[in-house]
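Q: I would like a close look at one part of this model, with its charged pairs and surface set around it. Please keep the account connected and formal.

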Amino acid sequence: MSHLNILVLAQHNNQNVHADTYSALTAALQLRQLAGGHIDMLVIGSQCQQVGQSLSHCADVDRVLMVDRPIYQDGLAENHAMVLQALAKNYTHVVTPATSYGKDVMPRFAALLDVDMLSDIVTIESADTVIRPIYAGNALARVKTQDSLVVMTIRATAFDKASPADEARAEVVALDLDYRPQLTQLIKREQVDLERPDLTQAQVVISGGRGVGSKENFAMLETLADKLGAAIGASRAAVDAGFVSNDLQVGQTGKIVAPQLYIAVGISGAIQHVAGMKDSKVIVAINSDPDAPIFEIADYGLVGDLFEILPELIDKV
Amino acid sequence: MKVLVAIKRVIDPYTKIRVKPDGSGVEQDNVKMAINPFCEIAVEEAVRLKESGVCKEVVVVSIGGVSCQEQLRNALALGADRAIHVDVVQTYSPLTTAKLLNAIVRQERPDLVLMGKQSIDNDNNQVAQMLAGLASWSQATCASKLEIEGDKALVTREVDGGLETLQLNLPAVVSTDLRLNEPRYASLPNIMKAKRKPLEVVAADSLGVELTSHHQVLEVVVPASRSAGVRVNNVAELIDKLKNQAKVIE
């Protein structure tokens with residue numbers, strides 16, 4: 001492939017750019033560096049001018065395409081995929097982060113274009129060859145695509161975030177596309193209040209498992225998290241036991257994180273959990289069972305009763 | 001209404017996988033296989049819809065070699081009424097899977113297609129969305145709650161940052177997340193009964209779908225392992241290591 005035309009689908013809440021968008025931009029920059037070409041960013045939403053303005057500050061982006069109408073307010077895969085379909089003929093690559101929205105809209109769009117799709121990629125080797133984890137991250141597959149349109153979601157933790165410049169550089173272009181959702185309607189959205197850093201963006205993550213014992217005991221983790229400026233995570237066991245809400249789950253079926261420091265408290269280390277955190281820079285495990293598998297991947301392991309260890313840790317950090 | 005559930009045979013999730021030394025893939029021989037856990041949740045949800053009187057018939061479908069009939073029988077034992085095995089030997093992509101399912105959908109005309117949000121082998125999370133796109137149906141992925149109200153489905157989805165509820169016009173495709181339900185175990189009498197339930201084998205090439213993948217897996221490798229860590233004896237030592245050795249806290 002020579003001269004790529006890359007489209008980065010921006011993720012946002014109609015006001016602010018989701019930070020993972022900048023990881024997708026880095027993936028696009030890597031593609032362009034390998035083969036040369038243009039990068040456009042696409043914003044689909046409602047009253048989202050501010051998002052377009054922020055993205056126009058990205059050096060190396062040629063254009064920011066704005067598809068701004070009330071019908072796009074809710075981020076429905078149904079009509080967002082149709083916008084992508086309408087624009088796809090101009091591009092060789094369409095890239096977005098593997099968030100809830102990206103995973104929802106991109107496969108639908110790929111099917112409309114009759115192309116296969118690359119999910120959750122961690123490395124770009126060339127314009128047509130990537131690496132992606134399979135089997136909960138227990139194996140890596142090097143995959144080459146023959147599609148002339150390459151549709152991919154990228155794992156945000158595997159790419160640094162491109163930083164916007166001080167002044168606006170990219171041209172902002174408004175596009176008039178009208179695809180009304182006919183079949184799907186958003187009824188409500190319940191956001192969990194975030195008093196702490198976002199789990200997938202945090203530098204430090206403190207996760208609790210079944211061993212924490214109760215919702216009340218999670219307060220200890222929260223106190224420690226606040227002292228370290230950390231986000232709170234959890235294993236599936238802790239979520240199923242009702243200790244915390246499910247959007248805090250780290251693992252193959254939950255969020256993938258790769259912070260500077262990951263502290264696993266009362267977590268045994270099942271493969272599904274490890275899939276979501278094993279790329280953390282430093283892993284600390286605190287567990288009463290010296291044979292817990294989590295110790296096999298922990299840089300620092302402390303065997304003991306978390307009810308003695310946590311208060312001391314809170315006291316001393 | 002009629003519900004179609006797509007299920008996949010995968011390596012049992014509690015098995016530690018082994019990458020083949022020649023890099024051609026993951027060892028599948030003599031490995032315990034099972035229904036993909038998310039698909040099990042989809043079967044359970046369909047059976048509950050039947051038990052609550054909302055749904056009249058639950059049809060399970062699986063695509064693959066003859067061995068996936070074992071997982072179809074499991075699904076029949078869990079309460080599905082009949083099974084369709086789409087017989088395919090070569091490898092094929094998620095898009096091809098979605099096309100084959102779409103062909104079955106056109107024949108069966110279900111009101112709802114349920115499937116897992118992803119299979120735990122390839123971790124793609126694509127087929128439900130692709131099928132919905134091909135069929136021009138509404139979709140709801142990562143469902144943690146499903147209610148049928150007349151010709152609509154109300155689906156609560158697990159999304160980053162919380163939950164959202166969508167109203168879908170039926171027919172629709174819904175993919176299941178872990179918290180939708182707790183799948184039941186098949187009882188021995190039901191396993192026996194499942195042996196007599198209808199299981200139809202459909203040749204993939206009779207469905208008019210070209211069996212391809214535009215992707216070629218060049219190599220499968222084991223990820224770099226983390227270097228062995230150390231055990232610390234107490235909190236003071238841990239804090240010292242984090243501050244002075246790893247330099248991740250101040």
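How many cavities of 30 Å³ or more does a search of the whole structure find?

A: In this predicted model, the search of the whole structure yields three cavities of 30 Å³ or more. The largest cavity has a volume of about 100 Å³. Its lining draws on chain A through A:Tyr135, A:Ala136, A:Asn138, A:Gln252, A:Ile271 and A:Gln272, and on chain B through B:Ile11, B:Asp12, B:Pro13, B:Thr15, B:Ile17 and B:Ile120. By residue class, this lining comprises seven nonpolar residues, four polar and one charged. The charged member is B:Asp12, because Asp counts as charged.

From the cavity, the account turns to charged pairs. Side chains of opposite charge can pair when their charged atoms come close. Over all chains, 32 salt bridges are found. In one of these, the side chains of A:Arg63 and A:Asp40 meet with an N to O distance of 2.8 Å. This pair links distant parts of the chain, since A:Arg63 belongs to strand β3 (residues 63-68) of chain A and A:Asp40 to strand β2 (residues 37-45) of chain A, 23 residues apart. A:Asp40 is buried because its relative accessible area is 5%, whereas A:Arg63, at 32%, is partly exposed.

Two further salt bridges lie within helices. A:Lys316 pairs with A:Glu312, with their closest N and O atoms 2.8 Å apart. These two residues are four residues apart in helix α8 (residues 306-316) of chain A, so about one helical turn separates them. A:Lys316 is partly exposed at 41% relative accessibility, and A:Glu312 is partly exposed at 31%.

In chain B, a salt bridge joins B:Glu44 to B:Arg48, the closest N and O atoms being 2.6 Å apart. Both residues lie in helix α1 (residues 37-51) of chain B, again four residues apart, or about one turn of the helix. Here B:Glu44 is buried, with a relative accessible area of 4%, while B:Arg48 is partly exposed at 35%.

Beyond these pairs, A:Arg69, A:Asp176, A:Asp178 and A:Arg180 are linked in a network of salt bridges.

The surface also carries a nonpolar feature. B:Leu188, B:Ile191 and B:Met192 form a nonpolar patch, and their accessible area together is about 290 Å². Within this patch, B:Leu188 is placed in helix α5 (residues 188-194) of chain B. B:Leu188 counts as exposed because its relative accessibility is 59%, and the threshold for that class is over 50%.

Notes
Residues numbered from 1 in each chain as written. Chains lettered and ligands numbered in written order. Predicted model: local features only at pLDDT ≥ 70, side-chain atom pairs only at ≥ 80, totals over all residues. Heavy atoms only, no water. 1 Å grid on protein atoms, 1.4 Å probe; cavity = no way out; pocket = protein on both sides within 12 Å on 5 of 7 lines; lining within 4 Å. Points joined across faces, edges and corners; volume = space filled by probe spheres on them. Patch = residues over 30% accessible without salt bridge, like charges linked within 9 Å, V, L, I, M, F, W, Y side chains within 5 Å. Areas by Shrake-Rupley, 256 points an atom, 1.4 Å probe, with all protein chains shown as cover. Salt bridge = Lys/Arg side-chain N within 4 Å of Asp/Glu carboxyl O. Buried < 20%, exposed > 50% of the residue type's maximum accessible area, 1.4 Å probe, protein only.
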